[in-house]
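Got your viewer open? Let's take a walk through this structure, one selection at a time.

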Amino acid sequence: MAFINASSPHQTTRLSTGKMMQWVIICLVPGIILQSYFFGWGNLLQILIASVVALLSEAFILILRKRPIILTLKDCSALVTGILIAISIPPLAPWWIVVIGTFFAIIFVKQLYGGLGQNLFNPAMAAYVILLISFPLQMTTWVPAHSLQPFSISLFDQIQALLTGFTTEGYSIEQLNTSIDGLTMATPLDTARNALNSGQTIKEIIASIDYQNSSWEAVRWVNLGFLLGGLFLLYKRIIQWYIPVSFIIAMAVFSACFYFSDPTLHMSPFFHLFSGATMLGAFFILTDPVSASTTIKGRMIYAAIIALIVVIIRNIGGYPDAVAFAVLLGNMCVPLIDYYTKPKVYGRKRS
């Protein structure tokens, strides 16, 4: 009779890494669908390119390292990284943007550290920061929501624009990224940040044409889509509540402190919670089991630190959205957080 030795916890059913990553991909679908509905199908093209590059990059480095290829690719971790990068960049960013980002994430951030379970930083966010610093123009110009576009853009036009920079009718990406009022599109966070830097108050920003045409309603719906997917991850127990709940509560508290200190210069907590990558970050990025803290107290502290950094950068820093920067800084703090929050061994004094 064969006996299987396994460490605790002893469970009758246990999800493999591949199954967990598949559930993460499934739960990303509501947010991706809403993103596609409001901003066009360009993000689906980016996802396709990123997925192919992620798998090929992983296979290439595995061949060099003489590691099993099929078994490693089946865990779908590279696929998740590629998808997260693709939905974080503008839908009509040039194809080489997502190729560079995905290649960097898989090769330099994940595999050169030893592969899954060894990387110190979140691969998708590290790639996003590199892209944002290296190609700020391409990474900060977003296509307007459908209701604000000066002309309709077919799926074939988006494919043509992504690959060549022009549609079949000769419109450039710069023209596609312009609203019906002739304004170059940016995210609501970017619009609000630039207006604040120019000396406008919150009331003036909300009443301005720039803000009303900043796709704020569309961004809210996209965040709600990722919130729905994240809640399903909690329901399926793919992730635990410590990080997302702590992050959302801390975001609300810290942004409220800024808001109530001077409502004329800082946006409300509601705006911060449903702008940028807040919900995507709370449920799909911060919860990365490799680069996040491992203790229960540590996870709460880790999420709160990232929330604080996000709010500070959004209100004071130069970048409108700061989830990627905050996550990388949080990753740096993980060893220290784990050291001071490790549970006490029963019967022994903590040294």
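A nonpolar core is a set of buried Ala, Val, Leu, Ile, Met, Phe, Trp, Tyr and Cys residues joined through side-chain atoms within 4.5 Å. Buried means under 20% relative accessible area, exposed means over 50%, and partly exposed is in between (1.4 Å probe, protein chains only). Two notes on what you are looking at: this is a predicted model, where local features need pLDDT of at least 70, side-chain atom pairs count only at pLDDT 80 or more, and totals for chains, interfaces and linings use all residues. Residues are numbered from 1 along each chain as its sequence is written, and side-chain values use heavy atoms, with hydrogens and water left out.

**Stop 1: the whole chain**

Start in cartoon view. The chain has 18 helices and zero strands; helices (H or I, at least four residues) and strands (E, at least two) are DSSP runs, numbered from the N terminus. Of the 351 residues, 52% count as buried. Now switch on the surface: the accessible area of the chain comes to about 17600 Å², and 67% of that belongs to carbon and sulfur atoms. These areas come from the Shrake-Rupley method with a 1.4 Å probe, and for residues only the protein chains shown count as cover. A contact means heavy atoms within 4.5 Å. Among contacts between residues at least 6 apart in sequence, 76% join residues at least 24 apart.

**Stop 2: the core**

Which residues touch the most other members of the largest nonpolar core? Select L28, F284 and Y302: they are the ones, in a core of 77 residues. Keep L28 on screen and add I83, L84, I87, F226, L280 and F284, which L28 touches when residues up to four places away in sequence are not counted. In soluble globular proteins, nonpolar side chains tend to be buried together.

**Stop 3: helix α6**

Next, select residues 123–134, which make up helix α6. Its expected span is 1.5 Å times one less than its number of residues. For these 12 residues that gives 16 Å, and the end C-alpha atoms are 16 Å apart, which agrees.

Is α6 largely enclosed or not? Nine of its 12 residues are buried, so the rest of the structure largely encloses this helix. Color the buried ones: P123, A124, M125, A126, A127, Y128, V129, L131 and L132. Then show what covers them, including α4 (77–88), α5 (95–110), α7 (136–140), α16 (278–285) and α18.

**Stop 4: a salt bridge, and a neighbor in sequence**

How many salt bridges does the structure hold? Just one, counting a side-chain nitrogen of Lys or Arg within 4 Å of a carboxyl oxygen of Asp or Glu. Show the side chains of K110 and E58 as sticks, and you'll find them meeting at 3.0 Å, N to O. K110 sits in helix α5 and E58 in helix α2, so the pair ties together parts that are 52 residues apart in sequence. Both ends count as buried: K110 has 3% relative accessibility, and E58 has 0%. Side chains of opposite charge can pair when their charged atoms come close.

While α2 (residues 42–65) is on screen, select N43, which is part of this helix. N43 is buried, at 1% relative accessible area. Leaving out residues up to four places away in sequence, N43 touches I32, Q35, S36 and P91.

**Stop 5: two loop residues**

Select K66, in the loop between α2 and α3 (69–73). K66 has a positive phi of about 55° although it is not a glycine. Now try C76, in the loop between α3 and α4: its phi is positive too, at about 65°, and C76 is not a glycine either. Which of them is buried and which exposed? K66 is exposed, at 77% relative accessibility, whereas C76 is buried, at 12%.

**Stop 6: out to the surface**

Select W41, L44 and L155, which make a nonpolar surface patch of about 270 Å². Patches are made of residues with over 30% relative accessible area and no salt bridge: like charges are joined within 9 Å, nonpolar side chains (Val, Leu, Ile, Met, Phe, Trp, Tyr) within 5 Å. L155 belongs to helix α8 (residues 155–164) and is partly exposed, at 41%.

Last, pick I316, in the loop between α17 (296–315) and α18. I316 is exposed, with a relative accessible area of 55%. Draw a line from I316 to H266: their C-alpha atoms are 9.6 Å apart, with their positions 50 residues apart along the chain.
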